Every structure is written in structure tokens, then in C-alpha cells.
Amino acid sequence: MEAEEERAAEAQREKEAGNDAYRKQYLETAVDHYTRGAALDPRDISFLTNRAAAYLLMSKYRECVRDCEEAVERGRELRADNRLLARALSRKAAALLKLAACAADYAPAVRALQQSLAEHYSEDTRHKLDQAETARKEIEERERLDQEAADHHRQRGNELFQRKNYQEATAHYTEAIEKNPNDPRVFSNRAQCHIYLGNLPKGLEDAEKCIELDPTFLKGYVRKANVQFLMEYYESALATYIEGLKCDPNNLVVINGLRRCAAYINRSNGGDVGPDDLEDILGNVSSDNDLRNKLQKLMEEAAALKKEASDERLRRIESERMARTSEDLYLNQVQQRREAEECLSKIEQEFQQLKVRQDEVSEEFQKATEHNENLQHQLTETIRALESMRGNATSASPSSSGSVLDENRIPSYFICPISQDVMNDPHIAADGFTYEGDFIRSWFSTGSDTSPMTNLPLEHDELIPNIALRSAIQEWLQQQNVAPG
């Protein structure tokens, strides 16, 4: 246990030393420290990601990709934090983007960025993915246009070839190659033009390039063998025809070429063979046991290679299909995550709006409650005044009914705060106080929007008749034998 702790501590010291060297741009030194740390603590994938970062700055992009892939594989085995895996994939994508700038192949970088987003979403990674996809689409569009131009020049070259205008056909094939240098058919066609024009070295060069681009393209071997035969390299031509048998063991052009080469090799070795005896020579070649056995063996090998190539093609197609399926799954995951985040953001915005509305409703409710309490208070006071007046009327003597109004006994809530007279048409304003209707309307008509009592702004200028108070005032006036004003 102590030994493991000591190794972990030593690994941590190597990491710190590597980080310090990385910050000082001593990248080779940083790589050495990270390498020793990774050996001491193989469960910590940060040694690999840190070393990958150093390789990235050193322009060692393939080493960076290798370390990132190892970090992801080991991290998944150890169930490491998704953010660490996302960082490794993002760093791998950075190296692949550098390589893509040279190879014009952004698909691996796009795939790595999509995998990084699937592990952990990051706006920076999303931005890099958008840029990579844009670059890939631009290259694909450029390749599509180049391919269209290449097909046009190839077809034009074929038309001129049929007319035996080999010089102009060669020019169009050259234009097609400049637009798409990976089409073996164009090199094969141009090689044949060079043969007809007598430019055998260039014909040989194009035929070899054709075979390099597609080792299964039979015409490339036929073109190359024809050039070698015309240059009197009969042994080389024979070997090329034998290689061509691997593409098609039963091709008559190749078999006839083998016979022709064998005849000329026989002639060059001292045989007296003329054009009239060619059929006999070809028959002798066919009856030669060693050559027949060799050709039979080559044909069997060619058949096996053809089957192997077919199986390999099927495996490649299946691998590409699985890669596309995996890419689609990653894209779906990224899309679903983006939609979920957008939905969550929308819900949060709606929640905030509801919260603001709730606060507004609470405030309005509080104001309404206070207003209601004020009205309730005035109603209570009015009821008390009515009860008091009924009691006074019961106990009053007849002689007092004709007395004049005693201002000292006028209830204060019968007095208008503005006119200071007993109200004849009481109305309740927005501040909860009751005023003489004409006077409070005159107050508003002057442009004032504040309370006459509190001097605070009023929410509105609507007035409510205070019927209960008016009845109380009229009853009181009748008891005092005073006509309303």
C-alpha cells in the first residue's frame, strides 16, 4: 500500500514538472515527464492528454491522435469523467484538423468533434464542429465541381480519341487529371494516346500511375505491358501480363499478350521464328509443361486473390456502413441534446415570466386588500354613527327637535375634507377617503392626480358613491330638523 502511494506521489510530481515545462514551452522535457508519470500511474489518463497537448504544439499530430485515442479507450475502461473523455476527443480533433488542412479530409475531425459533444457538450466544441463541417462541405462542393469538369474533359478526350486526334485527346485527358488526379481511367486513356504518338516513356509513366491508383484495374497492366513490349523489354512485359492475370485469369487479351511475349523471348534466345510460324510457337508455349503449370498456378493464385479482394471490398463496405451508422447516432444524440437544452431554456424563461407575473398579482392583491380594509373601516364607522344617532333620537326631548344645528355635535366623517361642510353627495376616491362629489371632481378637473388627504399619487380618478354614508347624513339631518344644502 505504501509503495502504491509512493508511486502515485512520484507520478504527481512528474505531472507538475511536466506542466511547468509545458508552460515554459520546453515541450520535449514536458513529454518526458508525462511519459514517466503515465508509467507510474497508468490509471490517470490526464498524462496522455497532457502529452497529446505537447505533441500538438510540436506539430506531431499523429502522435497527438495516438495519445488521445489511447486516453479515450483507457478512460472508458476506467469509467473516467465524461469531461476528460470529451477533452481528449476535442484534442484529437484539433490534431486531425491540422492534418485535414493538408489532406483535405475533414471527416475524421468532424467525427471526433461529434464524439466529444456526445460525451460532454461545450459551446467551443460546437463552434469548432460547425467550422469543420463548413470546411468539409466546401471541399466536397469543390470536389464535385472538379469531378464534373474532369468528366467533361474525359468524355471530350474519348470523342477525340475515337476520331484518332490523339494530340488534342491527350490535352483533354491532361485537363481531366488536373481536376481529378485519382481517376485511373484517365491515366490509362492518356497512356494509350502516348503509345499512338510514339511517346513510350510517358506512356509507361501513365500506365504505372494507373496501376498505382487501382491495382485491380486490368487496362493499366495491358497498357504497361504494351509499352514494355514496344520498347523490347519482353521479360518485363511478360511479368506485367502475369500480374494482370491476378485481376482476370481468363482475359484473352492478357493470355494472348503472354503468348506473344513468350514467342519473342524464344526468338531473342536464338530461335528461328518468323511471323508465319507464330501459331506454332504459341502452340508450343501452350504445350510447355513448366509454363503451363506456372500459368495454372498463377491463375489459381489470381482467382484466390480476386476472391480475397471481393471479401475485402465487402468488409470495407460493411465498415463504411457501420461508420456512417455510428456517425448518424452521434448526430442524433447531439441534436437531441441540443433540443433538450433549448426546451429547458424556454421552460426557464417561461418560469421567470410566471414568477414576475406572480409578483405583480401579489402586489395588486395587497393593494386591493388595503383598499378593502379602508372601505370596511369607513363602513364600520358609518354603522356606528347610525346606531349612535338612533340612540340619540330615542332619548331626545320633543323640545329639542326644533333647535338649530350644533356644529360641535357634527360627526367628523360627515364633513368633506375639501369644503369642510356636511356632505350632500359623498363619493369614495381611490385613496379610500370620502369627499363631496362636486368638490372632488373640481379637484380632478384642475389637473391634480394626488390625494387631497395624503398628497400621494392616485391610481385612478374613478369615484364610488358612498350610499351608506349619504343615508346616515340624511337621517342625521332629519333628526336635527335641518334641510339638506
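The exercises below work through one predicted model, each with a stepwise solution.

Residues are numbered from 1 along each chain as its sequence is written, and side-chain values use heavy atoms, with hydrogens and water left out. In this predicted model, local features need pLDDT of at least 70 and side-chain atom pairs count only at pLDDT 80 or more, while totals for chains, interfaces and linings use all residues.

**Exercise 1. The chain overall**

Task: State how many helices and strands the chain has, and what share of its residues is buried.

Solution.
- Step 1. Take helices (H or I, at least four residues) and strands (E, at least two) as DSSP runs, numbered from the N terminus.
- Step 2. The chain then has 17 helices and 3 strands.
- Step 3. Call a residue buried under 20% relative accessible area, exposed over 50%, and partly exposed in between (1.4 Å probe, protein chains only).
- Step 4. Of the 485 residues, 34% count as buried.
- Step 5. Define contact as heavy atoms within 4.5 Å. Among contacts between residues at least 6 apart in sequence, 53% join residues at least 24 apart.

**Exercise 2. Two residues in helices**

Task: Place E14 and A52, then list what each one touches beyond its sequence neighbours.

Solution.
- Step 1. E14 sits in helix 1 (residues 2–23).
- Step 2. E14 counts as buried because its relative accessibility is 10%.
- Step 3. Leave aside neighbours within four places in sequence: E14 is in contact with H33, R36, G37 and L40.
- Step 4. A52 belongs to helix 3 (residues 46–57). Its relative accessible area is 0%, so A52 is buried.
- Step 5. Not counting residues up to four places away, A52 touches C64, D67, C68 and R91.
- Step 6. Check one of these partners by backbone distance. A52 and D67 are 15 residues apart along the chain, and their C-alpha atoms are separated by 5.7 Å.

**Exercise 3. Helix 17**

Task: Test the length of helix 17 and find where its buried residues lie.

Solution.
- Step 1. The expected span of a helix is 1.5 Å times one less than its number of residues.
- Step 2. Helix 17 (residues 467–479) has 13 residues, so it should span 18 Å; its end C-alpha atoms are 18 Å apart, which agrees.
- Step 3. The buried residues of helix 17 are L469, A472, I473, W476 and L477.
- Step 4. Viewed down the axis of helix 17, these buried residues fall within an arc of 130°, so they line one face. The arc is that of the directions from the helix axis to the C-beta atoms.
- Step 5. I467 and Q478 are exposed on the other side of helix 17.
- Step 6. Just after helix 17, N481 takes a positive phi of about 55°.

**Exercise 4. Helix 16**

Task: Which strands do the buried residues of helix 16 pack against?

Solution.
- Step 1. In helix 16 (residues 437–445), G437, I440 and F444 are buried.
- Step 2. Down the axis of helix 16, the buried residues fall within an arc of 75°, so they line one face.
- Step 3. They pack against strand 1 (426–428) and strand 2 (434–436).
- Step 4. The face of helix 16 turned away from the buried side carries the exposed residues D438 and S445.
- Step 5. G447 follows helix 16 and has a positive phi, near 95°.

**Exercise 5. Positive phi in loops**

Task: Locate S59 and Q420, and classify each as buried, partly exposed or exposed.

Solution.
- Step 1. Most residues other than glycine have a negative phi.
- Step 2. S59 is not a glycine, yet its phi is positive, about 65°. It lies in the loop between helix 3 and helix 4 (61–77). At 44% relative accessibility, S59 counts as partly exposed.
- Step 3. Q420 is not a glycine either, and its phi is positive, about 60°. Q420 is in the loop between helix 15 and strand 1. Its relative accessible area is 53%, so Q420 is exposed.

**Exercise 6. Record features**

Task: Describe the chain over the UniProt "repeat: TPR" feature.

Solution.
- Step 1. The unreviewed UniProt entry places "repeat: TPR" at residues 150–183. UniProt positions are given in the numbering used here, feature names are shortened, and annotations may be inferred rather than shown by experiment.
- Step 2. Residues 150–183 are 79% helix and 0% strand, and their end C-alpha atoms lie 9 Å apart.
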